[in-house]
Amino acid sequence: IEMAVDGNPPVQHRLSFSYRASQITYGSIFLGNVPVHEEVHRCAGQIHGYKGCIRDFQVNNKELFIIDEALGGRNVENCNVPICDYHPCRNGGTCTSDEENWFCECPKLYSGKLCQFATCDENPCGNGATCFPKSRKDVACLCPYGRSGILCQDVINISQPSFSGTDVFGYTSFLAYSTIPNITFYYEFHLKFQLANHHSALQDNLIFFTGQKGQGLNGDDFLELGLRNGRVAYSYNLGSGTATIISKPLDLTLNIHVIHLGRYLQKGWLKVDDQKNRTATSPGRLVGLNVFSQFYLGGYREYSPELLPKGSRFKNSFQGCIFDVQFRSSMNQDFKSPGIPEGHPNSGRSVGQCKDSPCSLIKCRNGGKCIESGSTVYCDCPAGWKGAFCTETVSVCEPEHDPPHQCKQGSTCVPLPNGYTCHCPLGANGTYCEQG
């Protein structure tokens with residue numbers, strides 16, 4: 001008898017018989033526990049049920065699909081990997097999670113869901129905007145759905161949403177709608193999109209996603225559409241494996257692209273522009289799509305793509321315009337827009353109106369460059385300038401000054417008409433307080 005655990009060398013145990021052992025036909029294999037009505041050989045002793053997750057199961061080098069090939073079972077749930085096992089928190093943040101949610105406790109000077117940003121101490125952003133420090137003194141305001149402007153104070157009407165991809169701060173632009181109802185066994189989606197540029201078709205860009213709460217598992221149900229290497233990629237998982245349909249390369253001479261996709265039980269189909277209809281069938285025996293999350297358009301609320309289920313790893317949000325999104329959950333229904341009321345998202349971030357430019361309303365001074373990301377807009381200031389419109393000079397003692405001052409830690413930099421001086425703490429001396 002031989003057994004190996006965690007990649008360690010196998011442990012062997014040999015038994016000797018004084019008689020010829022007879023061949024035995026085994027019954028069922030049980031995982032986790034043995035049903036009470038089953039007889040257990042007395043030599044096996046008392047059996048206690050296992051508590052935990054069993055990932056992969058192979059017999060004689062043949063993989064058995066734990067759920068699909070089981071003859072029966074009870075009280076078995078999908079295994080959730082705690083998000084904190086991915087160690088998502090940065091800059092010394094501490095991850096805390098329960099079965100449903102997780103968050104990072106950030107040390108001082110850091111903020112953001114992943115503690116990835118220096119803190120916004122005096123947050124000037126309004127209307128629920130996300131504050132991001134573009135320097136130790138200046139912030140950018142990432143505007144929520146329906147708002148635009150330097151401080152997100154302007155109301156904008158969005159009929160054809162424009163998505164800006166992943167911005168320089170690591171945030172994606174997205175819209176989130178209420179859960180799409182009744183698409184367990186059948187759905188159809190129609191939508192149109194316009195690319196920001198040819199390069200955006202070659203990136204790994206998400207168009208829409210809905211699914212179970214992302215835990216990075218193969219068994220998580222999801223439905224997803226995106227762009228990969230200039231092609232449209234449509235994937236779905238009913239819980240027993242991912243089915244994927246990939247179109248031919250997009251004709252980039254077209255200004256607007258049209259997509260029709262759907263699924264009935266295990267069979268899915270995808271039609272892009274004038275290309276031929278393509279089909280696929282999902283593996284396993286499961287036929288129902290069980291999704292509980294919101295319907296995300298253009299991007300995803302979270303930062304890390306690891307939080308999407310496996311087989312669903314689009315690492316950027318969409319760049320361009322998406323419009324005329326419609327769905328139906330029965331062949332007998334009319335198509336309608338997602339959201340309650342129809343076409344109305346629950347939330348969003350950095351989404352603008354197609355063909356509108358927020359920079360047309362902003363004038364950055366002193367060589368500053370206007371940067372726009374959907375509805376988010378800010379001035380990127382050259383060295384020596386700061387402020388919302390690059391109108392304030394950077395003091396020689398401020399951290400942003402180039403070159404930085406030489407005062408040692410613990411001392412105080414004091415600006416002078418020509419240069420600066422260092423006020424030393426007790427126990428330090430020298431021009432820059434570098435001597436004991």
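**Strand pairing, turns and surface patches**

In strand β25, Phe323 is the bridge partner of Lys192. The model in which this pair occurs is a predicted one. The pairing belongs to a longer register: β15 and β25, the latter covering residues 319-328, run antiparallel to each other over seven bridges.

From here the description can be widened to the sheet as a whole. Strands of a sheet pair through backbone hydrogen bonds, in either a parallel or an antiparallel manner. In this model, seven strands make up an open sheet whose order is β22-β21-β20-β15-β25-β13-β27, with antiparallel pairing. Its edges are β22 and β27, the latter at 352-353, and each of these edge strands pairs on one side only.

On the side of β15 that faces away from β25 in this order stands β20. Strand β15 spans residues 186-195 and strand β20 residues 257-264, and eight bridges join the two in the antiparallel sense. Within β20, Gly262 is the residue that stands opposite Glu188. The order then continues from β20 to β21. Strand β21, residues 267-272, is paired with β20 through six bridges, again antiparallel, and Val272 in β21 lies opposite Ile259. The two strands form a hairpin with two residues between them, where Leu265 adopts a positive phi near 55 degrees.

A second hairpin is built from β28 and β29. Strand β28 comprises residues 369-373 and strand β29 residues 376-380; they run antiparallel and are joined by five bridges. Ser373 has Thr376 in β29 as its bridge partner. Two residues separate the strands of this hairpin as well, and Gly374 in the turn has a positive phi of about 65 degrees.

Positive phi values also occur in loops. Asn75, in the loop between β4 (62-64) and β5 (94-97), has a phi of about 55 degrees although it is not a glycine. Ser350, which is likewise not a glycine, has a phi near 50 degrees and lies in the loop between β26 and β27. How do these residues stand with respect to solvent accessibility, buried or exposed? Asn75 counts as exposed because its relative accessible area is 72%, whereas Ser350 counts as buried because its value is 2%. A further backbone feature is found at Pro341, in the loop between β25 and β26 (347-349). The peptide bond leading from Ile340 to Pro341 is cis, with omega near -10 degrees.

Two surface patches complete the account. Arg231, Lys248, Lys276 and Arg278 gather on the surface in a patch of positive charge. One of these, Arg278, belongs to strand β22, residues 278-281, and β22 is an edge strand of the open sheet described above. With a relative accessible area of 32%, Arg278 is partly exposed. Since membership of a patch requires over 30% relative accessible area, a partly exposed residue can still qualify; Arg278 therefore meets this requirement at 32%.

The other patch is nonpolar: Ile1, Leu15, Phe17 and Tyr19 make up a surface area of about 520 Å². Leu15, one of its members, is located in the loop between β2 (11-12) and β3 (57-59). Leu15 is classed as exposed, as its relative accessible area is 53%.

How values were computed: Residues numbered from 1 in each chain as written. Predicted model: local features only at pLDDT ≥ 70, side-chain atom pairs only at ≥ 80, totals over all residues. Heavy atoms only, no water. Patch = residues over 30% accessible without salt bridge, like charges linked within 9 Å, V, L, I, M, F, W, Y side chains within 5 Å. Areas by Shrake-Rupley, 256 points an atom, 1.4 Å probe, with all protein chains shown as cover. Salt bridge = Lys/Arg side-chain N within 4 Å of Asp/Glu carboxyl O. Lys, Arg positive; Asp, Glu negative; His and termini not counted. Charge placed at Lys NZ, Arg CZ, Asp CG, Glu CD. Helix = DSSP H or I, 4+ residues; strand = E, 2+ residues; numbered from the N terminus. Buried < 20%, exposed > 50% of the residue type's maximum accessible area, 1.4 Å probe, protein only. Pairing = 2+ DSSP bridges.
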